[in-house]
Amino acid sequence: MSPFFIFHFSVFHYCMCGITGFIGKGGADDLRRMNNTLIRRGPDAEGYFSDDAARAHIAVRRLAIIDVAGGAQPIANEDGTVVVLNGEIYNYRDLRRRMAARHVFKTASDTEVIAHLYEEKGDSLAEELEGMFAFALWDRRAGKIIIARDRFGEKPLYYAVWNGTFVFGSEIKALLAHPDARRELDRESLLQYLQYECVPAPRTIFSGINKLPAGHILTFQNGEIKLRRYWDIESAAKNVVPPTDAREAAERLDQLLSRAVQKMLMSDVPLGVFLSGGIDSSTVAYYAQKHTVNKIKTFSIGFQESSFDESSYAGRVAVLLDTDHTAALFSECHLRDLLPSLYEYLDEPLADPSLLPTALLSRITRRRVTVALGGDGADELFFGYPTFQAEKIFALYRRIPRVLRERLIRPLIDRLPASSRYLAPDYRLKRFLRGADESPEARHAAWIGAFTPQDLASLLIWKPAWKPGFHMETRFPSGQTRDTLSRAGQFYLSHYLEGDILAKVDRASMFYGLETRAPFLDPALAAFVYSLPSAYKLRGLQTKYLLKKLMRPRLGRDITDRAKHGFQPPIARWLRQELSGLLREHLNPDTLRRDGLFNPAYVAQLIDRHQNGKADLRKELWTLLVFQIWRSRWYT
C-alpha cells in the first residue's frame, strides 16, 4: 500500500504542538490514539502519515505560528521524505533563500525547509538549524527515521524500542499509548529525581523510555539506533574571538542580544513577553520594545506573601518601557484550581514548585497572545544564581579549621529557628552546609536539590543496585573546564536548565497552548557569553556583571542591581497550611507501606518537623508529594 497523508483541521481552546509516531508494529488506530494524547499541544490541526509497506507511521498536532494558512504537517519533499516539527526554525528564511534555486517550495513554512535541507545535508542537517525544535524525518528510500532536538533542549522528545518497534513522541504519554508500551518504574531514575527534583536526560522515570538529550540527533535503521551529538557549547565557545576588554564585551553583548530578540519576534500571530521585573526578562522586554512599532505586551504574576512578591518591579519596568502590561496575583483559589489538573497532566514527576505560577502566567498570557519570550538561560550563562555567590564564600569557609566548622559553626546554624519566608537567612545557611565534601558539580546539586545521598539511606526501604550519589553524566568534553565557577556553570547548563527550567516552562505553557521562546539561548549569544572569563559574569559577589553593566543605563539600578529573586511560590507555608491535608493523604503510612519505596516512619518525621516549625523541609516534602501524585496517576 502506498504512503498516505491525512490532515484534519479543528480548533480546541487550550493546546500546543506535538509530534509522535513509530516504525514497526501498530496501525492507524494506534497512531491516532497516540496523537490524541498530545491534544493540548496542537489546537489548530492534526495530521497523519502512514507507509504501511515500511510500517512507518508519523503524526502531528499543530499550533500554527508560521504560515498559518499553508503550513499543514506532515510535509514531504520531492523524493517523498516526510517531516513533522515541534517548535520554530528562526533561520528558515535564510535557508530557504539558499536552496530556492534547487528545490520547489510549496509552502512558506519552516517545516518544509527541513525536508529540503535533508536532501542537501543528509544526517548533518541539524547543524544548520537555529531554533527551538524537535523534529522527526522519515526517509522512505533509505528506510530510516531521524529524530533531533534543539541545542539546549527547549522542546522535549522521547523514544523507546519495544519488541523491535521504535516509538517516539513529544511526551511520554504518547509513547505509553502504543500497544507494546511498558510502564516500569526505573528505580535508578527515581534516585536521581529525589536528588535533583527532576530526572536528567537521557533517563526518564520509566525504564526503557529515554529522553533524546539536547543537541543530539538519532537515526533508527534496520533495527539499530545511532545517537550523535551535533552541538555543544564548549566547542562553540572555542570559535568565539575574545573581546579585548569589558567595554568591547558589552558592545558585542548588546549586538547579540538585539539580534537574538529580533530573530525571535518572528511570528504570524500575536506575541508578548514574560516580565518578572528582574534583569533577565526586563532585558528581553527592552529589546522587544526596541524592535516593535506598537507597544509590546508584557505579563507578570505576583504573590500575596510579600517576601515572595516582585510584581511591583515588573510594574516599574512596564512603565519605564511603556509596554501594554497585564498582571495577576497568585492566590489560594489558583492553587486549588491548578494543582490537581496540572499535576494530573504531568507524565513524569517534576518537583519545581514554580511550575504552578508559571502555569498561571501562561494562562493569562495565552488570553492575549500565542507566543511569549522569556529570560530563561541568563542565570546559567551569567552565573546569576545565589549559589554562584555561595561558591565564592565556600572557598573562604573551607579555610576555617575543620574542628571549628564541625563543633561551632554547624551546631549554631543547625539551631537557628525555621522560617517560611523567601530564602530566609536560616534556610540559606542550612542549605550552604550541604555537600561540603563534594565536587563543585555535586555541591551545587546538593544546594539546589532535595535529598542528599545521606538522606536517601534513611528514606528508602529498598537497597539500590548502586551506591546513591550525585551521579551526573556531563554534556561537555571532559577536562576542558577553566575554573570551579565554570564547572558549576556546566552543571546548571547541562542538568538544571534542560532537566528543570526548560521542562517546567514547556509543560506549563503547553498546558495552555502557548509557545515560549528564550532569546538568551540563541546559539551565537550563548557561545559568546560562555566564552567570557568568569570575572565578566561574577565580579566579587556581584552576579551578571557584564549584563548589568550593559543594562544599568537603560533600566536603572533599582532593577539591575537588586538581589536575585526566583519565581518561587510560598511552598513552605502551603505545606504547613493549605496543602497539609493533601500532604498527609498522599504520604500516609499505609500508602507508603503498600508502595514499598519510602520509609513511612522517616517520612512522618519529615512532615511533623516541618509542620511543627522545627525545620524547613519544603524541598524534601514537595519532591515526595509530587512523586506520589504522579505515581497515583501514571504508575499504579
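**Entry 1: the parallel sheet**

I began at V371 and looked up its bridge partner in β18, which is E515. The strand pair behind this entry is β17, covering residues 371–373, and β18; I found three bridges joining them, and the two strands run parallel. I note at once that I am working on a predicted model.

Following the pairing outward, I traced an open sheet of five strands in the order β16-β15-β14-β17-β18, with parallel pairing. Because β16 (324–330) and β18 (515–517) each have a single partner strand, they stand at the edges, and one side of each is left without a neighbour in the sheet. I also looked up the turn between neighbouring strands of this sheet, which is 30° on average when direction is ignored.

I then asked which helix packs on the sheet, and found α11, residues 355–366. Helix α11 touches β14 (271–274), β15 (297–303), β16 and β17, and its direction makes about 145° with that of β15.

**Entry 2: salt bridges**

I counted 44 salt bridges in the model, and I followed several of them by residue. The side chains of E130 and K263 meet in one of these, with 2.9 Å from N to O. E130 lies in the loop between α3 (110–121) and β7 (131–139), while K263 belongs to helix α7 (residues 246–264), so this pair ties together parts of the chain that are 133 residues apart in sequence. For burial I noted that E130 is partly exposed, with a relative accessible area of 29%, and that K263, at 22% relative accessibility, also counts as partly exposed.

Next I took D347 and K173, whose closest N and O atoms are 3.2 Å apart in a salt bridge. This pair, too, links distant parts of the chain, since D347 sits in the loop between α10 (332–345) and α11 whereas K173 sits in helix α4 (residues 172–176), 174 residues apart. I found both D347 and K173 to be buried. Salt bridges that share partners place these two residues in one network, together with R41, K155, E171, D506 and R507.

A further pair that I checked is R618 and D616, whose side chains form a salt bridge at 2.4 Å from N to O; R618 is buried, and so is D616.

**Entry 3: S580**

I looked up S580 and placed it in helix α23, which covers residues 580–586. Is S580 buried or exposed? S580 has a relative accessible area of 18%, and because the cut-off for buried is under 20%, it counts as buried. Leaving out residues up to four places away in sequence, I found that S580 touches W574, L575 and Q611.

**Entry 4: the chain as a whole**

I recorded 26 helices and 20 strands in the chain. Of the 636 residues, 63% are buried, and the accessible surface comes to about 23,600 Å², with 50% of that belonging to carbon and sulfur atoms. Taking contacts between residues at least 6 apart in sequence, I noted that 73% of them join residues at least 24 apart.

Finally I checked confidence: the chain averages a pLDDT of 88, and 89% of the residues score at least 70. Over residues 1–16, however, the pLDDT is below 50, although this stretch has 69 contacts in the model beyond near neighbours in sequence. Where pLDDT is low, the predicted coordinates should not be read in detail.

Terms used:
Residues numbered from 1 in each chain as written. Predicted model: local features only at pLDDT ≥ 70, side-chain atom pairs only at ≥ 80, totals over all residues. Heavy atoms only, no water. Pairing = 2+ DSSP bridges. Helix = DSSP H or I, 4+ residues; strand = E, 2+ residues; numbered from the N terminus. Axes fitted to C-alpha atoms, helices over the stretch in contact; angles between N-to-C directions. Contact = heavy atoms within 4.5 Å. Buried < 20%, exposed > 50% of the residue type's maximum accessible area, 1.4 Å probe, protein only. Areas by Shrake-Rupley, 256 points an atom, 1.4 Å probe, with all protein chains shown as cover. pLDDT = per-residue confidence, 0-100. Salt bridge = Lys/Arg side-chain N within 4 Å of Asp/Glu carboxyl O.
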